[in-house]
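Please read the following report alongside the sequence and the 3D view. It covers confidence, selected helices, one aromatic pair and one buried residue.

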Amino acid sequence: MLPGKVYMPEDVLRAALHRRWWILIPLVVIGTASLFYSLSQPKRYRSETLILVVPQRIPESYVRSTVTAPIEGRLRSISEQILSRSRLEQVIKDFGLYVKQRELIPMEDVVEGMRQNISLTTVRGDSFRVTFSAGDPIVAMKITERLASMFIDENLRDREVQAEGTNQFLETQLEGARQRLLEHEKRLEKYRLEHSGELPSQSQSNLQAVLGHRQQLQTVSESINRDRDRRLMLERTLAEVNAGEVSQATPDIPAAPQQNAAEQDLEKARETLRTQLIRLKPDHPDVIATRRLIVQLERRVQDANAIAAQPAPEKPRAMIAVAEATRIVRQRQVQAELDNIDKQIAVKETEIARLHKQIDEYQRRVDAAPMRETEMTELMRDYKTLQDLYVGLLEKKEASKLSANLERAQAGEQFKILDPARVPERPYSPDHVRTTGVGALAGLGVGLALALLLEMRDTTIRREDDVVRLLALPVIAVVPLMHTALDRRRLRRVVASVVVGLGLLAALVAAGLAWEL
């Protein structure tokens, strides 16, 4: 290229025409070679199927599914299982694929090659497309159908396995919670047995028992005071009888006062029992104690009645005086009544001691209730937590069981073939037009590069501006280009050769397409 030369558009066009063969020959040669290369490549057919994700038929408000993973995540998981070596190797053996490749390369490389021919794309959020490419269109269709059925079966199995796994996990957790709850209930039962009567729930009954026993204590104390007064009176009477101060006309000491006092105590005890039965159970300790007192008072009344009904001793005939007989009878009656009163006082004193002991016991229980309440609060807090945990796990377990039954009944989310696989009518590869076009463009690029290289190495002076710029000499005259008949024939040959070359290239492309179809 001349130093400082600036190319105008007409210079570029003239250079391209001048070096036309350097441009055309690579264009035709590389384009033709690309066409023959494309024609020599094996045909590849692609078959595809569209699978729709059908939601579960039962509303989730009734049965909530335990499989909540999005379709994209589950497709990745299912595709990894289906595209595993064991699955694809079984498909290769079932359909007799890649026979020559299996003889030359290891099976894992054959499986990897098949994996490259499988395509999985998500069309929308609720559907996806499975594609397989092979050299035989029928094989491509069959493999696509097999892959679609594998996706459907694997989805059902995967959902069922997930539901069963969730169910088993919840069953294990529920059993653990049940065991902990039972252990805590046993501790509670042991605590209640060890501190029976001191529990906070028994404080009210303990207070009522204290009040009831104090009432009984007051009643027995009043009764024993009356018995002691009666005993003093009988002692004075006995002393008078022993001293012989009782005259014959002195009437017998009646047993009615003693009988009346015993009957009054018995009536009060019965009234107390009726009052207790209104607010207490029959097996309550206070009720049992009152009944015991009633039995003792009834025995006392019976003794008093027996004494009152006791016949007077027979009068001595002539040897004993009437006054002495009367004194002896009175002495026996008074002594018998004194003995009876002493027995009753002893019984009542025993009852008073028992009542004091029970009052102290019930009071101790009342005093221990606050401490037991604190301990029970701690135990019940953990028990409430375990109980809530168990109830929650039980609800989740039942819901998981329904979900597992739903998956086993195939009423959950499923895959449905919306567009089945078909036999492809034409190959998708190789693309002759595209390959030939790319080759022609590559050849044109090579030709232009060669023409540019030759133009840069050419130092020929072709224009008057080149003379003025390089030689600094004025141009006196310019001889125009004279086209002879030979030049015109050459130009026609050039045009014809270009047309023939482009026509040949177009014919080759057309022939390749026709042969492909």
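## Confidence and selected contacts

Residues 312–320 keep a pLDDT under 50 throughout, and the model gives them six contacts beyond four places in sequence. Here pLDDT is the predictor's confidence in each residue, from 0 to 100, and a contact means heavy atoms within 4.5 Å. The structure is a predicted model, in which local features need pLDDT of at least 70 and side-chain atom pairs count only at pLDDT 80 or more, while totals for chains, interfaces and linings use all residues. Residues are numbered from 1 along each chain as its sequence is written, and side-chain values use heavy atoms, with hydrogens and water left out.

Across the chain the average pLDDT is 76, and 75% of the residues score at least 70. For residues 245–255 the pLDDT is below 50; this stretch has 17 contacts in the model beyond near neighbours in sequence.

Helices (H or I, at least four residues) and strands (E, at least two) are DSSP runs, numbered from the N terminus. The elements around helix H6 are listed here.

| Element | Residues | Role |
|---|---|---|
| Helix H4 | 85–95 | among those covering the buried residues of H6 |
| Helix H5 | 99–104 | among those covering the buried residues of H6 |
| Strand S2 | 118–124 | among those covering the buried residues of H6 |
| Strand S3 | 127–134 | among those covering the buried residues of H6 |

Helix H7 also belongs to this cover. In H6 itself (residues 107–116), Met-107, Val-110, Val-111 and Met-114 are buried, meaning under 20% relative accessible area with a 1.4 Å probe, protein chains only (exposed is over 50%, partly exposed in between). Viewed down the axis of H6, the buried residues fall within an arc of 100°, so they line one face of the helix; the arc is that of the directions from the helix axis to the C-beta atoms.

H7 (residues 137–194) has 58 residues and reaches 85 Å from its first C-alpha to its last, close to the 86 Å expected at 1.5 Å a residue. That expected span is 1.5 Å times one less than the number of residues.

Rings of Phe, Tyr and Trp (its six-membered ring) pair if their centres lie within 6.5 Å; planes under 30 degrees apart are stacked, over 60 edge-to-face and the rest tilted. This rule gives one aromatic pair. Phe-128 and Phe-151 form a tilted pair, 5.7 Å centre to centre with 55° between the planes. The pair links distant parts of the chain, with Phe-128 in S3 and Phe-151 in H7, 23 residues apart. Both Phe-128 and Phe-151 are buried.

Ala-369 lies in helix H11 (residues 322–408) and counts as buried at 7% relative accessibility. Its C-alpha is separated by 5.2 Å from that of Pro-200, 169 residues apart along the chain.
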